[in-house]
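Me: I would like a close look at one part of this model, with its surroundings taken into account. Please treat a single residue as the starting point and work outward from there.

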Amino acid sequence: DISGTILKDSKVYGEPSLSLNGYRGKWDFGIKLYRTIEQVGFEQLYTGSILTNYRTLSRYDPLFNDRKSNNSSGTMSYKNSYRLLFANVQLTYSRFSSDALYGQTFDGMLSKITALQVDANGHHSLVRMEVSKGFDWKKLNLGMSLAWYSKNTPVLRQDTVVRYLGKELSA
């Protein structure tokens with residue numbers, strides 16, 4: 001029972017960003033560096049049991065933590081309107097850290113959301129390339145897109161920290 005409990009927390013955040021853009025002839029360039037902080041949501045501030053639907057009852061204790069991300073991205077684009085040729089390359093990298101992880105444990109039909117205070121770091125990477133060529137014949141446009149995505153993320157499973165390693169290639 002938490003009646004009468006008052007939770008107070010005060011913080012000041014800074015989320016700096018830097019963006020540089022330029023062009024030279026038919027080429028456009030862009031670099032962006034920024035920091036983000038995701039604060040805990042209301043659902044993590046409530047302690048006790050929450051009935052999400054008539055079949056699910058979740059119980060958990062909150063931890064006050066924030067997820068901090070350092071992000072960088074770069075783009076390079078080519079535009080030749082006369083030849084109807086366009087190309088774009090995008091590189092993105094994000095590195096994040098958190099002081100706590102949330103997960104679920106199961107005991108029969110009972111599901112409990114658990115929180116573990118641990119230094120959790122991970123990162124995401126993305127490389128995307130796009131090319132398109134237009135033709136005057138019947139307004140035909142041919143395009144190709146290729147993307148590679150990689151992630152390394154800590155996840156809490158059955159009270160154990162495991163790393164989720166993923167790589168994707170799409171065309």
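What relative accessibility does Leu 33 have, and as what does Leu 33 count?

Reply: The model is a predicted one, in which local features need pLDDT of at least 70, side-chain atom pairs count only at pLDDT 80 or more, and totals for chains, interfaces and linings use all residues. Residues are numbered from 1 along each chain as its sequence is written, and side-chain values use heavy atoms, with hydrogens and water left out.

Leu 33 has a relative accessibility of 41% and counts as partly exposed, the class between buried (under 20%) and exposed (over 50%; 1.4 Å probe, protein chains only). Leu 33 belongs to strand 2. Strands (E, at least two residues) and helices (H or I, at least four) are DSSP runs numbered from the N terminus. The protein chain has nine strands and one helix, arranged along the sequence as β-β-α-β-β-β-β-β-β-β.

On the surface, Leu 33 joins Leu 18, Leu 20 and Ile 31 in a nonpolar patch, and together these residues have about 360 Å² of accessible area. Strand 1 (17-24) and strand 2 (27-38) are the elements that each give two or more residues to this patch. Patch members have over 30% relative accessible area and no salt bridge, nonpolar side chains being joined within 5 Å; a salt bridge places a Lys or Arg side-chain nitrogen within 4 Å of an Asp or Glu carboxyl oxygen.

Strand 2 also contains Trp 27, which forms an aromatic pair with Tyr 78 of strand 5 (residues 67-80), so that parts 51 residues apart in sequence are tied together. This pair is tilted, with 4.9 Å centre to centre and 55 degrees between the planes. Ring centres (for Trp, of the six-membered ring) pair within 6.5 Å; planes under 30 degrees apart are stacked, over 60 edge-to-face, and the rest tilted. The structure holds one such pair. Its two members differ in burial: Trp 27 is partly exposed, at 37% relative accessible area, whereas Tyr 78 is buried, at 18%.

Charged side chains lie over rings as well. Lys 32 is placed over the face of Tyr 34, 4.9 Å from the ring centre. Similarly, Arg 67 has its charged end over the ring of Phe 96, at 3.8 Å from the centre. Such a placement requires NZ of Lys or CZ of Arg within 6 Å of the ring centre and within 35 degrees of the ring normal.

For the wider setting, 21% of the 171 residues in the protein chain count as buried.

How values were computed
Patches are made of residues with over 30% relative accessible area and no salt bridge: like charges are joined within 9 Å, nonpolar side chains (Val, Leu, Ile, Met, Phe, Trp, Tyr) within 5 Å. Accessible areas come from the Shrake-Rupley method with a 1.4 Å probe; for residues, only the protein chains shown count as cover.
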